[in-house]
Amino acid sequence: MIKLNYNNVDARIIGEDNGLNLEEEFENYKETIMNIIADLNQRKDKPGQWLQWMNLGYNEETVWYVKEFASMVEGRFDNILVLGIGGSALGGIAVTEALLKPYWNLLSKEQRNGMPRIFFLDNIDPDCIGGLLGMLDLKRTLVNVITKSGSTAETMSQYMIVKDLLEKELGDDYRKNIVATTDKQTGILRQLADQEGYKTFVVPDDVGGRFSVFSAVGLVPFALVGIDIDELMHGIKDMDLALKNTDIKENIAAQNALIHYLMDIKKGKNLSVMMPYSSRLKYISDWYVQLWAESLGKEYNNNGEMVNIGPTPIKAVGVTDQHSQIQLYNEGPNNKVITFIRVENFDTTLEIPKIFEYTGIGYLGGKTINDLINAEADSTRVALSDYSRPTVTITIPKINEYNLARLLYMLEIQTAIAGELYNINAFNQPGVEQAKNYTYALMGRSGYEDSASQIRSKMAAV
Ligand code: PA5
């Protein structure tokens, strides 16, 4: 079970000014939520609705092709290098960081069960790109270039650099070291991949980048490093079934969406902090930040009215950020909802030795680090509620493929429901596209000349 504890948003716990009368609100929104869930499930198969991500758990064909490819290349590569940005990278980073053994790339091949190391280049810092490419043995590296549009300047520039290096090292054989994940028909990468003869996978239609982690975008790198993608699918399917329940009392994604929405519109708490108490889940926060920000931050609502709406997501990690952000969260403006993610059972139990008993740290001896992290999560939650700060806690039994897939899929559905409550389109990203287009213009892409001269004059003015 994935559990959601929302006691600490209740007015009975944190007071009328900051809390919600949840039983009453669940009753008030019963029908709205029922209609939203029914509507999403009806629309999901219709083209142009951008809801195909709700069907990814059932895409057995892709799973089969991905597994076939992974077994074909098994043993041939020491490194997987993923080139992608935003939705084409964040899910991959989040899932591999959570599911692979910690410090994966530093482990010996034996410790990695013969599986390759994995690197994500999701930025264009020249030092970092240069440093990584200088370190990797490209002959033993499989490059997975991922871009839905097939034209994103960051990803394509990385691809051009890497392709050139590979060709210089491997001659014509370089093609075997590239696998492309992109649109089935359109885009420059699709054209190049077909022309060059790369192995390709498809980013399905109507799946936006931030909802694509369980498509080939994520599945290919996951399978290449030995993550059990059948179990991921199993997790999504089970969660999908659970979240088809239109009764808000039984649907944790709907509950959490409604809590965040009401906290924003009724209590002015429009910052959403994601704080897993687990380093392995640290990048789930990065993934969530993109999911929440790009989906819910919108200029217009579905009626065409200018609303400039959207809660601001913030990433944090427990316990580290107790020593960084919690001072502000306890005592600063009461304008946030904090989501804790708790892990019931860690893979490792680490005992603190009974030493230094005669000193002030002697009390720690004989306890476990597991006790400590859980005690800190509890004490932070209680302290926040003493200050009347709303928090929700999502608990997962342990970190594995099944639970992680359920958690991410739940957050995706939560986002979709929140979008409907805000009455905005959660599946487009015009603000991102605008910045991309400006970049194309400034870098001299043909067709963007007018835009380039406009931007240059704006730049001169500021
Ligand atoms: O979620 C999104 O749509 C974006 O973050 C994209 O994933 C990101 O801009 C990368 O786009 P592309 O996959 O087309 O290279």
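Helix 14 (369-386) lies across strand 11 and strand 12, running at about 155° to strand 11. Helices (H or I, at least four residues) and strands (E, at least two) are DSSP runs, numbered from the N terminus. Contact here means heavy atoms within 4.5 Å, and axes are lines fitted to C-alpha atoms, for helices over the stretch in contact, with angles from 0 to 180 degrees between N-to-C directions. What you are looking at is a predicted model, in which local features need pLDDT of at least 70 and side-chain atom pairs count only at pLDDT 80 or more, while totals for chains, interfaces and linings use all residues. Residues are numbered from 1 along each chain as its sequence is written, and side-chain values use heavy atoms, with hydrogens and water left out.

Let us step from the helix to the sheet beneath this description. Strands 11 and 12 belong to an open sheet of five strands in the order 1-12-11-7-10, with mixed pairing; two strands pair if DSSP finds at least two bridges between them. At the edges stand strand 1 (3-5) and strand 10 (312-315), each with a single partner strand, so one side of each has no neighbour in the sheet. On average, neighbouring strands of this sheet are turned by 20° against each other, direction ignored. Helix 11 (residues 252-267) packs on the sheet as well, touching strand 1, strand 7, strand 11 and strand 12 (391-398), and its direction makes about 155° with that of strand 12. Strand 7 (residues 271-276) and strand 10 run parallel and are joined by four bridges. Within that pairing, Leu 271 has Thr 312 in strand 10 as its bridge partner.

Strand 10 also takes part in a side-chain link. Lys 315 forms a salt bridge with Asp 286, their closest N and O atoms being 2.8 Å apart; a salt bridge is a side-chain nitrogen of Lys or Arg within 4 Å of a carboxyl oxygen of Asp or Glu. This pair links distant parts of the chain, with Asp 286 in helix 12 (residues 282-296) and Lys 315 in strand 10, 29 residues apart. Asp 286 counts as buried because its relative accessibility is 17%, whereas Lys 315, at 43%, is partly exposed. Here buried means under 20% relative accessible area, exposed over 50%, and partly exposed in between (1.4 Å probe, protein chains only).

A further salt bridge brings together the side chains of Asp 347 and Lys 398 (3.3 Å, N to O). Asp 347 lies in the loop between strand 11 and helix 14 and Lys 398 in strand 12, so the pair ties together parts that are 51 residues apart in sequence. Asp 347 is partly exposed at 48% relative accessible area, and Lys 398 is partly exposed at 34%.

Back in helix 14, Arg 381 and Asp 378 meet in a salt bridge (3.4 Å, N to O). These two residues sit three residues apart, about one turn of the helix. By this rule, the count of salt bridges comes to 25.

The loop before helix 14 has something else to show. Ile 355 is located in the loop between strand 11 (336-345) and helix 14, and at 45% relative accessibility it counts as partly exposed. Together with Phe 356, Tyr 358 and Ile 361, Ile 355 forms a nonpolar patch on the surface, with about 470 Å² of accessible area in total. Patches are made of residues with over 30% relative accessible area and no salt bridge, joining like charges within 9 Å and nonpolar side chains (Val, Leu, Ile, Met, Phe, Trp, Tyr) within 5 Å. Accessible areas come from the Shrake-Rupley method with a 1.4 Å probe, and for residues only the protein chains shown count as cover.

Now turn to another sheet. This open sheet has five strands in the order 3-2-4-5-6, and the pairing is parallel. Strand 3 (117-121) and strand 6 (199-202) stand at its edges with a single partner strand each, so one side of each is left without a neighbour in the sheet. From one strand to the next, the twist averages 20°. Helix 8 (residues 188-196) packs on the sheet, touching strand 4, strand 5 and strand 6, and makes about 145° with the direction of strand 5.

Strand 5 (residues 178-182) has five of its five residues buried, so it is largely enclosed by the rest of the structure. Ile 178, Ala 180 and Thr 182 are buried on one side, and Val 179 and Thr 181 on the other.
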